Amino acid sequence: MKDNQDSLYIFGPCSLESLEQITPVAALIKRHGLKYLRTQLFKPRTNPDSFQGLGKDGEIILETLRKTYSKDELKFVCEACSTDQLAIIAPWASVIQIGARNMQNFELLKAVGKYISDDHDFVLLKRGFANTVDEWLESARYLIQGGVPKNKVVLCERGTRSLTSPTGVQLDFIAAMEAKKAGFKVITDPSHGSKRAEFVIPLAKASLQLGLDGLMVECHPRPTESFSDAKQAISIEEAEAFIKSSLQGRSAN
Ligand code: PEP
Ligand code: MN
């Protein structure tokens with residue numbers, strides 16, 4: 001098997017919940033020569049009573065994972081919703097995610113560059129679910145002007161609100177392909193981009209077929225028990241079958 005060292009394939013649960021939850025996902029990533037694991041500690045939730053993430057308390061789980069996997073073997077991807085959260089995650093996250101809701105949080109975008117070092121692989125900028133491609137690219141410019149090198153900005157298409165899709169969201173491949181023309185790597189998130197597990201793998205395959213640069217996929221050892229976004233979580237087994245059939249030997253570079 002050719003390894004997937006340079007590939008922009010990110011797998012993991014919507015939220016980090018426990019060591020017991022994340023361990024099989026980390027093992028899946030390692031088994032297949034991938035490297036990026038979603039380790040989301042801070043969850044921007046619509047409902048204030050929903051699970052908000054483990055917050056800083058989750059760091060102990062990541063420290064425990066580090067005893068098994070080195071920083072090169074397993075890289076943590078985490079969203080920051082504020083500058084305070086940036087300061088918390090920057091020391092250990094290899095990928096800093098700016099989520100859809102914060103795509104136009106300009107003060108946050110300007111601050112990211114202050115935290116970026118050689119230890120960070122890239123900043124993942126998700127498109128807001130009602131933002132145009134032009135607005136997305138302008139937000140990328142905020143990151144760059146704030147000090148993030150252009151080659152460390154990766155864009156993620158995560159779907160837009162839809163009046164007609166039965167799930168209320170539509171993964172916009174045209175937007176993703178258009179953004180690529182501006183010289184950025186563009187990946188898709190078929191999980192938030194469909195909101196339903198049954199559509200995740202078909203959309204992931206379509207993304208690869210279209211020549212996009214990678215994927216972010218939510219998976220969980222027990223999808224229906226996920227603390228957040230349970231309906232769109234695929235199982236480890238489903239993720240593994242997809243990796244074996246579609247990703248093995250692929251590289252984004
Ligand atoms: C996420 O990826 O965890 C997330 C919250 O996605 P989005 O910002 O696209 O809604
Ligand atoms: Mn989610």
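Aspartate 229 is found in the loop between β10 and α8 (236-247). Helices (H or I, at least four residues) and strands (E, at least two) are DSSP runs, numbered from the N terminus. The model is predicted: local features need pLDDT of at least 70, side-chain atom pairs count only at pLDDT 80 or more, and totals for chains, interfaces and linings use all residues. Residues are numbered from 1 along each chain as its sequence is written, chains are lettered from A and ligands numbered from 1 in the order in which they are written, and side-chain values use heavy atoms, with hydrogens and water left out.

Aspartate 229 counts as partly exposed because its relative accessibility is 27%. Buried means under 20% relative accessible area, exposed over 50%, and partly exposed in between (1.4 Å probe, protein chains only). Phi of aspartate 229 is near 50 degrees, a positive value in a residue other than glycine. Most residues other than glycine have a negative phi. Lysine 195 also has a positive phi, near 65 degrees. Lysine 195 lies in the loop between β9 and α7. At 44% relative accessibility, lysine 195 counts as partly exposed.

Aspartate 229 binds metal through OD. The other protein donors of the manganese ion (ligand 2) are Cys14 (SG), His192 (NE2) and Glu218 (OE). These donors lie 2.0 to 2.3 Å from the ion. Donors are N, O and S atoms within 2.8 Å of the metal (3.2 Å for Na, K and Ca); water is not among the atoms, so sites may look incomplete. Along the chain, the donors follow the spacing C-x177-H-x25-E-x10-D. Histidine 192, in the loop between β9 (185-188) and α7 (197-209), and glutamate 218, in strand β10 (residues 214-218), are 26 residues apart and link distant parts of the chain. Both histidine 192 and glutamate 218 are buried.

The largest pocket holds about 580 Å³ of space. On a 1 Å grid over the protein atoms alone, a cavity is a set of points where a 1.4 Å probe fits but cannot get out, and a pocket is an open set with protein on both sides within 12 Å along at least five of seven lines; lining residues have an atom within 4 Å of a point. Grid points are joined across faces, edges and corners, and a volume is the space filled by probe spheres set on the points. The lining has 25 residues, of which Arg101, Arg158, His192, Lys195 and Asp229 lie nearest the pocket centre.

The whole structure has 4 aromatic pairs. One of them joins tyrosine 36 and phenylalanine 122, edge-to-face, at 5.4 Å centre to centre and 75 degrees between the planes. Rings of Phe, Tyr and Trp (its six-membered ring) pair if their centres lie within 6.5 Å; planes under 30 degrees apart count as stacked, over 60 as edge-to-face and the rest as tilted. Tyrosine 36 lies in strand β2 (residues 36-38) and phenylalanine 122 in strand β5 (residues 122-126), so the pair ties together parts 86 residues apart in sequence. Both rings belong to buried residues.

Valine 77 sits in strand β3 (residues 75-79). Valine 77 counts as buried because its relative accessibility is 0%. Beyond four places in sequence, valine 77 touches residues including Ile10, Tyr36 and Val95. Contact means heavy atoms within 4.5 Å.

Serine 139 lies in helix α5 (residues 133-145). Serine 139 is buried, with a relative accessible area of 0%.
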